[in-house]
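Hi,

Here's the structure I said I'd pass along. Have a look at it first, and my notes come after.

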Amino acid sequence: MRKLLIYLLIAFFLFSIVYVTYTQSLFAYNTLPRFLSSIIILSFCIYFLYKDFSNPDSIGSTFNFNIAVGMMLYFSSSSVLFGLSQSILKDRALNIFIWNIHATIMLVMYLIFAWAFLRLKKVP
């Protein structure tokens, strides 16, 4: 899994550089790399939860679970936004509505993160 992660990070970095260099400007909203990064992060969250739930010996930290669920919530909904942003940008009212939903989902993710950090117990 570690080798896969390293190869994936290198491949994504190279793809992003090539995409920005030849397809879109660095100062434009680059939709394809954002979409692919959200899919990659979502895949790792699902893998983490699968490994956590499939191990009967693992207690499964509430902190880890909350962080993974918060990231899955945000990146699953944002992958749709990142993938469809070129068609969404054409209609201004729809654009504002969708980005407000995005901001709300991001707020929920941060609230889940805050809840996870508040529930951590101090280690003596």
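Below is what turned up on the nonpolar core and the aromatic rings.

One thing to keep in mind: this is a predicted model.

Let's start with the core. The largest nonpolar one has eight residues: Ile67, Tyr74, Phe75, Phe82, Ile105, Met109, Phe113 and Ala116. Helix H3 (62-88) and helix H4 (92-118) are the elements that give two or more residues to this core. As background, nonpolar side chains in soluble globular proteins tend to be buried together.

Met109 is a good place to zoom in. Leaving aside residues up to four places away in sequence, Met109 touches Gly70, Met71 and Tyr74. Tyr74 is itself a member of the core.

Now for the rings. Searching the whole structure gives four aromatic pairs. Among them is Tyr74 with Phe75, an edge-to-face pair at 4.8 Å centre to centre with 80° between the planes. Both Tyr74 and Phe75 are buried.

Tyr110 and Phe113 also pair edge-to-face, at 6.4 Å centre to centre and 70° between the planes. These two sit three residues apart in helix H4, about one turn of the helix.

Why is Phe113 called buried and Tyr110 partly exposed? Phe113 has a relative accessible area of 19%, so it falls under the 20% cut-off for buried. Tyr110 has a relative accessible area of 47%, which lies between 20% and 50% and therefore counts as partly exposed.

Cheers

Methods
Residues are numbered from 1 along each chain as its sequence is written. Side-chain values use heavy atoms; hydrogens and water are left out. A nonpolar core is a set of buried Ala, Val, Leu, Ile, Met, Phe, Trp, Tyr and Cys residues joined through side-chain atoms within 4.5 Å. Buried means under 20% relative accessible area, exposed over 50%, partly exposed in between (1.4 Å probe, protein chains only). Helices (H or I, at least four residues) and strands (E, at least two) are DSSP runs, numbered from the N terminus. Contact means heavy atoms within 4.5 Å. Rings of Phe, Tyr and Trp (its six-membered ring) pair if their centres lie within 6.5 Å; planes under 30 degrees apart count as stacked, over 60 as edge-to-face and the rest as tilted.
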